[in-house]
Amino acid sequence: MINFFFNDNFPFWYKDGELVWTKSRYRGRGKNQLFKKAGTKAGCKDPSGYVHIQSCELRDTARHRIIYDMFYNSLTKNFLVRHLNDIKGQDNIENLAMGTQ
């Protein structure tokens, strides 16, 4: 089981199935416009049960797709990332696999 992982290409750390912001994000100008604090969990759950993350680099992307791409760096738009145990919010890397519909 992988508890912690860092990839320089992403603005997150992976920790126990969660993504954590590596740097604070600001909205607008100046340091008083803190939007997302470093060390906080990234993303929010949508009505269908998936966690989505918005950032300048990634737009609006599902957390399980980001985690899979962080580890394997082989994700294409034609393929889906699926949960092996069919629980949408459980995004541990051991629970994710690439597949088709």
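**Entry 1: the helix.** I started with helix α1, residues 63-72, and found that α1 lies across β7 and β8. Against β8, I noted a running angle of about 80 degrees. I am working from a predicted model here, so I keep that in mind throughout.

Next I asked how covered α1 is. The answer is mostly covered, with seven of its 10 residues buried. I wrote down the buried ones: Arg63, His64, Ile66, Ile67, Tyr68, Met70 and Phe71. Just past the helix I met asparagine 73, which has a positive phi, near 50 degrees.

**Entry 2: the core.** Which residues touch the most other members of the largest nonpolar core? In that set of 15 residues, I found Phe12, Tyr14, Leu19, Ile53, Ile66, Ile67 and Met70. I then checked which elements give two or more residues to this core, and they are β2 (12-15), β3 (18-21) and α1. My helix from the first entry gives the most, with five residues. A reminder to myself: in soluble globular proteins, nonpolar side chains tend to be buried together.

**Entry 3: the sheet.** I turned to the strands that α1 lies across. β7 and β8 belong to an open sheet of three strands, ordered β6-β7-β8, with antiparallel pairing. Why is one side of β6 and of β8 left without a neighbour in the sheet? Both β6 (44-45) and β8 (59-62) stand at the edges and have a single partner strand each, so one side of each stays free of a sheet neighbour.

I looked closer at the β6 pairing and counted two bridges to β7, residues 51-55. One detail for the margin: cysteine 44 has histidine 52 in β7 as its bridge partner.

**Entry 4: one residue in β7.** I picked glutamine 54, which lies in strand β7. Is glutamine 54 buried or exposed? I noted a relative accessibility of 51%; the cut-off for exposed is over 50%, so glutamine 54 counts as exposed.

I then listed what glutamine 54 is in contact with, leaving aside neighbours within four places in sequence: Trp21, Lys36, Arg59 and Asp60. I also checked glycine 43, which is 11 residues from glutamine 54 in sequence, with their C-alpha atoms 7.1 Å apart.

**Entry 5: the whole chain.** Last, I stepped back. I counted one helix and 10 strands in the protein chain, in the order β-β-β-β-β-β-β-β-α-β-β from the N terminus on. Of the 101 residues, 34% are buried. The accessible surface comes to about 6,900 Å², and carbon and sulfur atoms account for 49% of that surface. Among contacts between residues at least 6 apart in sequence, I noted that 32% join residues at least 24 apart.

Terms used: Residues are numbered from 1 along each chain as its sequence is written. This is a predicted model: local features need pLDDT of at least 70, side-chain atom pairs count only at pLDDT 80 or more; totals for chains, interfaces and linings use all residues. Side-chain values use heavy atoms; hydrogens and water are left out. Two strands pair if DSSP finds at least two bridges between them. Helices (H or I, at least four residues) and strands (E, at least two) are DSSP runs, numbered from the N terminus. Contact means heavy atoms within 4.5 Å. Axes are lines fitted to C-alpha atoms, for helices over the stretch in contact, and angles run from 0 to 180 degrees between N-to-C directions. Buried means under 20% relative accessible area, exposed over 50%, partly exposed in between (1.4 Å probe, protein chains only). A nonpolar core is a set of buried Ala, Val, Leu, Ile, Met, Phe, Trp, Tyr and Cys residues joined through side-chain atoms within 4.5 Å. Accessible areas come from the Shrake-Rupley method with a 1.4 Å probe; for residues, only the protein chains shown count as cover.
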